[in-house]
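Please walk me through this structure, beginning with the chain as a whole and ending with a single residue and its surroundings.

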Amino acid sequence: MNIIIVGAGNVGYTCAQVLSQFHNVMAIEVDKTTADNIKDLLNVSTLCENGVNPNTLEEAFKRQQPEVIISATEHDEDNLFIAMISKHIKPEIVTIATIRNPDFMTEISSKVVDKIISPELAIANKIAELSLLENAIDYDSIESMNMSIVLFEVTDKHVNIIGKVVIDLEIPRDCTIVCVCREDTTIVNCETIELHVGDKITVLGTSKGVSEFNKFMGITHEASEFVIVGGGFSGLKAAKLLESRKKYVKILETNTKRCNKLVKEVNDVVVVNGSGIDPHILQNENIGKADVLMAMTNRDETNLLSCLIGIKLGAAKIISRYSMPEYADIFDFVGIKSAIGTHRIVANEITKILISDKQSILEMRHSGEKFFTITVESNSKIRDQHMGDIHLPEGVRITCIVRNEEKIYPRMDTEIHINDILVMFTYNVSTDSLEKIINC
């Protein structure tokens, strides 16, 4: 597939990084340094021009003959204009646009944009779900299969699993352990691994299954009090999601006019006109007693400072969003485990649209980790075998079996049938070679 990406910033670069593994990608970027960077680091062609200029788009269409165009500039109005011009040049082209401001998501927009990706909505959903799982530090979903992928961290409070071997754990049936990450090592064949403090456990399952796994690890108490720093679109959406689940939510917002608007948008959410980086305000609002502090402003520096103050005041769990990729290491360095990058969320949303499940369902937090599907054919080597008798290469795991729309989280005695759809997890393994191994 031939794809054009307009805008090679954080979002555009991440999209190009993922999509160029499977498709022929051209990036249009007006800034020469940014254009040179993406050309040097990725297998993409580049056009260093203004992608909002219709003449530039016409030239790019002649060179690339695209089937899909992704407009990922920083300005919503530009992204909509790019989609509109693209439809004029080639009516059958698939247009994808990132839109941050909900005011731009109108019926008119949907006529020129085939698929709108809202980073603000996606990050609100993700952070809200993550905030409800006490032991989780990261969360993703596979909407096409109605499953969640959650990263849990083992701490010294998890006495019921510390020192236990994975295969001996009586985990809920609606989920499965995918792998265990220990320091910089991902252990896929983890059945005989003894769990230690600091281990990170990746779990795949239904929403109910991962929630039960969270309880299985052990929880102090069910989170009920949430504080959100930043009353923008994502902060408001997260507040509404938590409000709908009967949680006590408080929003801190510096802009008075925005506070007045927030009050009209919510029912039981408390809105406070104050700064999320003022230690006195945070202390007065009892941040230290909150179950979860969520830093959701559009400024990475503000979110980082809010989190640091939250740590100092003793907030039980802290989650933050960030936009600049380099902030991932900064948040990790200061001990904030749940830092959610907008660029990765958008890339995953686009991946779900443009890359088939057979190639890749989801790009994970760590490089080299992938989920994808393989259908068991009549000549398969593993057909009619039990899971315990199947020998797969190191770094490969069958995490779920979809059989006649039923999801089976396999145990050692689970048998593989023809036409089963296997949800595979791999770490640094070629998916093409794996297809040949399973279906010879």
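## From the whole chain to one residue

In this predicted model, the protein chain carries 45 positive and 62 negative side chains, and the centres of these two sets lie 3 Å apart. The surface that the protein chain exposes amounts to about 20100 Å², of which carbon and sulfur atoms supply 48%.

Turning to the fold, the protein chain contains 14 helices and 22 strands, and its C-alpha atoms fill a box of roughly 60 × 60 × 35 Å when this is taken along the principal axes. A compact globule of 440 residues would have a radius of gyration near 22 Å, and the 23 Å found for the protein chain therefore agrees with that expectation. Of the 440 residues in the protein chain, 52% are buried; among the contacts with a separation of 6 or more, 62% are accounted for by residues 24 or more positions apart.

Aspartate 76 offers a local view of the model. This residue belongs to helix 4, which covers residues 76-89, and the C-alpha atoms of aspartate 76 and isoleucine 89, which are 13 residues apart along the chain, are separated by 20 Å. Is aspartate 76 buried or exposed? Because its relative accessible area is 6%, and buried means under 20%, aspartate 76 counts as buried. Once its neighbours within four places in sequence are left aside, aspartate 76 is in contact with Thr98, Ile99, Arg100, Asn101 and Phe104.

How values were computed: Residues are numbered from 1 along each chain as its sequence is written. This is a predicted model: local features need pLDDT of at least 70, side-chain atom pairs count only at pLDDT 80 or more; totals for chains, interfaces and linings use all residues. Side-chain values use heavy atoms; hydrogens and water are left out. Helices (H or I, at least four residues) and strands (E, at least two) are DSSP runs, numbered from the N terminus. The radius of gyration is taken over C-alpha atoms; the globule rule is 2.2 Å times the number of residues to the power 0.38. Buried means under 20% relative accessible area, exposed over 50%, partly exposed in between (1.4 Å probe, protein chains only). Contact means heavy atoms within 4.5 Å. Accessible areas come from the Shrake-Rupley method with a 1.4 Å probe; for residues, only the protein chains shown count as cover. Lys and Arg count as positive and Asp and Glu as negative; His and the chain ends are not counted. The place of a charge is taken as NZ of Lys, CZ of Arg, CG of Asp or CD of Glu.
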